[in-house]
Protein chains: 2
Amino acid sequence: MEDSAHPKRSVTVADVAKAAKVSKATAARVLGGYGVVSAKITDQVMAAAAALEYRPNELARSMSTGRSGIIGVVVGDIENAFFSLAVRGISDAARLAGFNVIIANSGEELDAEKSAVDLLIGKRVDGLIVTPARCDSFDHLQHVRRAGVPLVLFDRAIPELDVDAVTGDDREAAIAATRYLTGQGHRRLAYVSAMDAEGGGLTNIGRISNSAVRERVEGFVSVLTEAGLPNPLHYVRLGATNQQQTDSVIKHLLLDSAAPTALLASDSLVGLRIFKSLQSLGLAIPRDVSMISFLDADWTSVTVPPITIVDQRVYEMGKLAGERLIARIERTPLAVERLRVSTSLVLRGSVATIGR
Amino acid sequence: MEDSAHPKRSVTVADVAKAAKVSKATAARVLGGYGVVSAKITDQVMAAAAALEYRPNELARSMSTGRSGIIGVVVGDIENAFFSLAVRGISDAARLAGFNVIIANSGEELDAEKSAVDLLIGKRVDGLIVTPARCDSFDHLQHVRRAGVPLVLFDRAIPELDVDAVTGDDREAAIAATRYLTGQGHRRLAYVSAMDAEGGGLTNIGRISNSAVRERVEGFVSVLTEAGLPNPLHYVRLGATNQQQTDSVIKHLLLDSAAPTALLASDSLVGLRIFKSLQSLGLAIPRDVSMISFLDADWTSVTVPPITIVDQRVYEMGKLAGERLIARIERTPLAVERLRVSTSLVLRGSVATIGR
DNA sequence: TGATATAAAGAGACCGGTCTCACAACATAT
DNA sequence: ATATGTTGTGAGACCGGTCTCTTTATATCA
């Protein structure tokens, strides 16, 4: 058994051709499924290929055709349920169209994102779906366009970049959630996100570099303003990137003399962290504080009480992004668009009605 | 702006060479970072490359070097937290060694697995990590070996296949969990898995085609037998593949006159389904029934009560598998091994002490 | 029966890199 | 001054497919 002998020159069309006693071109026609070949020769070649266990070298194929059949996807963090669901949607769309998916993690860091994009372009992917970590730095994405590689942004849009984007209707979602909370009598509401905050406190919404978060905060603030509540930015907190940070954020929020009565979590990871923080502070939901989280994550339906959430339909978002990209790859003439997938509020038990 | 012009012949070494007024070979040496080139020429070439925005074609590079720098991973379902965590571990190990990861989903189906493997081999991945859907059908994996592509099995082992495998110590884990349950006075224990059951009832452990599940069931049964409990296979149930099936499985189990007092869930998805089933049946944990789930999934720590789990250290498993594969790719001389990652029981609140 | 159309097969360039080998220029040894 | 070595550069084969162009064999028609 010298199976383990490593390099093992693989079987090529030339080998098959020789075995089938035909020219390389003819064997290639049979194996590649193009051109015209007589039935007899086809059989010969197929038999030879089977005997030699021929496997086409997709790399070589891609080289000459110029198409790799691969879609590159750059996400923030696959471990996050949001992205794994999205990837599923993208993969399903891709598979249906005969494409494969190669995934790269950016860890929500710009540098990692840049090198991931470079790498995928190097691998000559046929198209790219990117969740941009920051919406204010996009040279590398501009470069993708210049290279002629179709690009679709996911979850976050960059208006300055003339390119398709698939996002949730974040502003509307935030408005709906916030209105619901104010409708239940809440007057002091906090918005908590995992986004890195570069200075601690937030003074200027426009400076939030993630469009999804920015739009949600805008929606949140607009409702509060509209309701005549003072200082709507006062309870917007960023930086809940891990349990410890979140504990600290929550503690500061809730130990304030004018503590918020309701919390809006920007994603399911933040939501989970907030939930745990509240648990460890011994605060009951919704008696002591109400909360709403984005994303219908597993955990949100099995807690006591179950968590009211904004259902983002991430799978559909992913699928849509995949389909859009494939349409671009196949040169379907389409106007550049921002596709918004509508969200819906799923009422469960984590919001109390207060006052009145 | 004719940015959108699609095909856009990309800049090649030849283009750079011409611009820098050197030979293709020299430009290639600079750009590829091999061979010897004088400082002056290096600068010239680099300048030309920068001006032209040269990006190497990894495909072509792979063709001539025979290395793609890609590791292929075939998992059951990325959406499953078990796999997404594992993929993270694999990716981290890969990135550290300068490899990239391409992921394919098998949906736990043999045919999909076969074509995924074929596809990845076609893409000339440098190595393959596979979670075999069935341990009794491995022609396609044998083929991988014959093709000279390093292979590491993940989560499940196939003893007949002379190849490395990274798994949990499933038998020990099941033994520990089961012993804990019997130690708490439980005498009728059920094991529930999502594996497809081809006949409904289970009569022969050896026929379970997934080694991880089989070993867990073996461990489970061995403890029960050792404890002198009758008919240990009686409460082993497969087929909890979705909520409806699980509801039915749980209902049948618990409406029996001799209903089990404790349930062992084979993975976190099954665990979650069981939890929901119990909720909908109005049964309280652990008062009416106790449960233990595999995998420290998000949801298990925020339920009431929190769920006692078998911590599988999946990230480490993934990382180990990645490292092992890379060692193989780099021809480190190593004996073929089955690497077992130890698990531990994390006691929370979902198991009652009964009797006595 | 010879001229022409058509189908099937072969020859070889090409994709964009890597890499071997040949060769030139200059330094050092004899 | 000639032999030998070293270093930097150029020419061109090669990886394994695709694909165009040419050639050959067979069918169709006058």
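A residue counts as exposed here if 12 or fewer other C-beta atoms lie within 10 Å of its own, as buried if there are 20 or more, and as partly exposed in between. Keep that handy for the exercises below, and remember that this is a predicted model.

**Exercise 1. Sort three loop residues of chain A by burial, and check the backbone where phi is positive.**

Step 1. Start with A:Arg331, in the loop between α12 (314–329) and β11 (338–341) of chain A. Its count is 10 C-beta neighbours inside 10 Å, so A:Arg331 goes down as exposed. Now look at phi: the value for A:Arg331 is near 60°, positive in a residue other than glycine.

Step 2. Move on to A:Leu295, which sits in the loop between β9 and β10 of chain A. Phi is positive here too, at about 75°, although A:Leu295 is not a glycine. The burial call is another matter: A:Leu295 has 25 C-beta neighbours inside 10 Å and therefore counts as buried.

Step 3. Finish with A:Arg134, in the loop between β3 and α7 of chain A. A:Arg134 has 18 C-beta neighbours inside 10 Å, so the label is partly exposed.

**Exercise 2. Find out what A:Arg134 meets from elsewhere in the chain.**

Step 1. Leave out residues up to four places away in sequence, and the contacts of A:Arg134 are A:Leu110, A:Ser209 and A:Asn210.

Step 2. Check a C-alpha distance as well. A:Ile208 is 74 residues away from A:Arg134 along the chain, yet their C-alpha atoms are separated by 8.8 Å.

**Exercise 3. Hunt down two cis peptide bonds in chain A and place their prolines.**

Step 1. Scan omega. The bond joining A:Ile285 and A:Pro286 is cis, with omega about 0°. Another cis bond runs from A:Val304 to A:Pro305, where omega is near -5°.

Step 2. Place the prolines. A:Pro286 belongs to the loop between α11 and β9 (290–294) of chain A, while A:Pro305 is in the loop between β9 and β10 (308–311) of chain A.

**Exercise 4. Work outward from strand β3 of chain A.**

Step 1. Take the side chains of β3 (residues 127–130). A:Gly127 and A:Ile129 point one way, A:Leu128 and A:Val130 point the other way, and all are buried.

Step 2. Identify the partners. Strand β1 (residues 70–75) of chain A runs parallel to β3(A), joined by four bridges, and A:Ile71 is found opposite A:Gly127. Strand β4 (residues 151–154) of chain A is also paired with β3(A) in the parallel sense, over three bridges; there A:Leu128 faces A:Leu151.

Step 3. Add the connection. With helix α7 (residues 139–146) of chain A, β3(A) and β4(A) form a right-handed β-α-β unit.

**Exercise 5. Which strands stand at the edges of the open six-stranded sheet of chain A?**

Step 1. Write the order: β7-β6-β8-β9-β10-β12, with mixed pairing.

Step 2. Read off the ends. β7 (236–237) and β12 (344–346) each have a single partner strand, so one side of each lacks a neighbour in the sheet.

Step 3. Test one pair from the order. β6 (residues 189–192) and β8 (residues 262–265) of chain A are parallel over four bridges, and A:Ala190 has A:Leu263 as its bridge partner.

**Exercise 6. Describe the protein surface around each DNA strand.**

Step 1. For DNA strand D, 28 residues are around it, with A:Gly32, A:Ser64, B:Ser23, B:Ala25 and B:Thr26 coming nearest. For DNA strand C there are 27, and the nearest are A:Ser23, A:Ala25, A:Thr26, B:Gly32 and B:Ser64.

Step 2. Find the main contributor. α4(A) gives the largest share near strand D, five residues; near strand C, α4(B) gives the most, with five residues.

Step 3. Classify. The strand D surface splits into 14 nonpolar, 11 polar and three charged residues, and the strand C surface into 14 nonpolar, 10 polar and three charged.

Step 4. Bring in the annotation. An unreviewed UniProt entry puts "domain: HTH lacI-type" at residues 11–65 of chain A. That stretch is 71% helix and 0% strand, with its end C-alpha atoms 20 Å apart.

**Exercise 7. Characterise the contact between chains A and B.**

Step 1. Count: 45 residues of chain A are in contact with 46 of chain B.

Step 2. List elements of chain A that each supply at least two residues; among them are α4, α5 (81–96) and β2 (100–105).

Step 3. Classify the chain A side: 19 nonpolar, 12 polar and 14 charged residues.

Terms used:
Residues numbered from 1 in each chain as written. Chains lettered and ligands numbered in written order. Predicted model: local features only at pLDDT ≥ 70, side-chain atom pairs only at ≥ 80, totals over all residues. Pairing = 2+ DSSP bridges. Right-handed = clockwise from strand over helix to strand, strands pointing away. UniProt positions renumbered as here; feature names shortened; annotations may be inferred. Near = placed C-beta within 6 Å. Nonpolar A, V, L, I, M, F, W, Y, C, P; charged D, E, K, R; others polar. Contact = placed C-beta atoms within 7 Å.
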